[in-house]
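User: Please take a close look at the largest pocket of this chain. What lines the pocket, and which parts of the chain supply the lining?

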Amino acid sequence: MRIYQAMSAAFTPMYQSGSRSLPWLRDLVLAPLSTLPLLRGGLTHLVAGTMIPPLSGTRDP
């Protein structure tokens, strides 16, 4: 859960802020990286929420 929270905190401003520079930086850096085979699969899992089990590191209720 902490990993997703950290990733969300890092990437949300790039998509939802009023900044003019963050979207430019996102498009300049992330768009080309997303075409690389290893990163494409990782980004797909990250967006789908299947990168890590959601309850990993927690004890059974």
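Analyst: A residue counts as buried under 20% relative accessible area, exposed over 50% and partly exposed in between, with a 1.4 Å probe and protein chains only. By that rule, buried residues make up 7% of the 61 residues in the chain. The model is predicted: local features need pLDDT of at least 70, side-chain atom pairs count only at pLDDT 80 or more, and totals for chains, interfaces and linings use all residues. Residues are numbered from 1 along each chain as its sequence is written, and side-chain values use heavy atoms, with hydrogens and water left out.

The chain has 3 helices and 0 strands, where helices are DSSP runs (H or I) of at least four residues and strands (E) of at least two, numbered from the N terminus.

Now the pocket. On a 1 Å grid over the protein atoms alone, a pocket is an open set of points where a 1.4 Å probe fits, with protein on both sides within 12 Å along at least five of seven lines; lining residues have an atom within 4 Å of a point. The volume of the largest pocket, the space filled by probe spheres set on the points, is about 390 Å³. It is lined by 15 residues, and the closest to its centre are Met-7, Phe-11, Leu-43, Leu-46 and Val-47.

Helix 1 (2-16), helix 2 (21-33) and helix 3 (37-48) each supply at least two lining residues. Helix 1 gives the largest share, 6 residues. Helix 3 is followed by Gly-49, whose phi is positive, near 80°.
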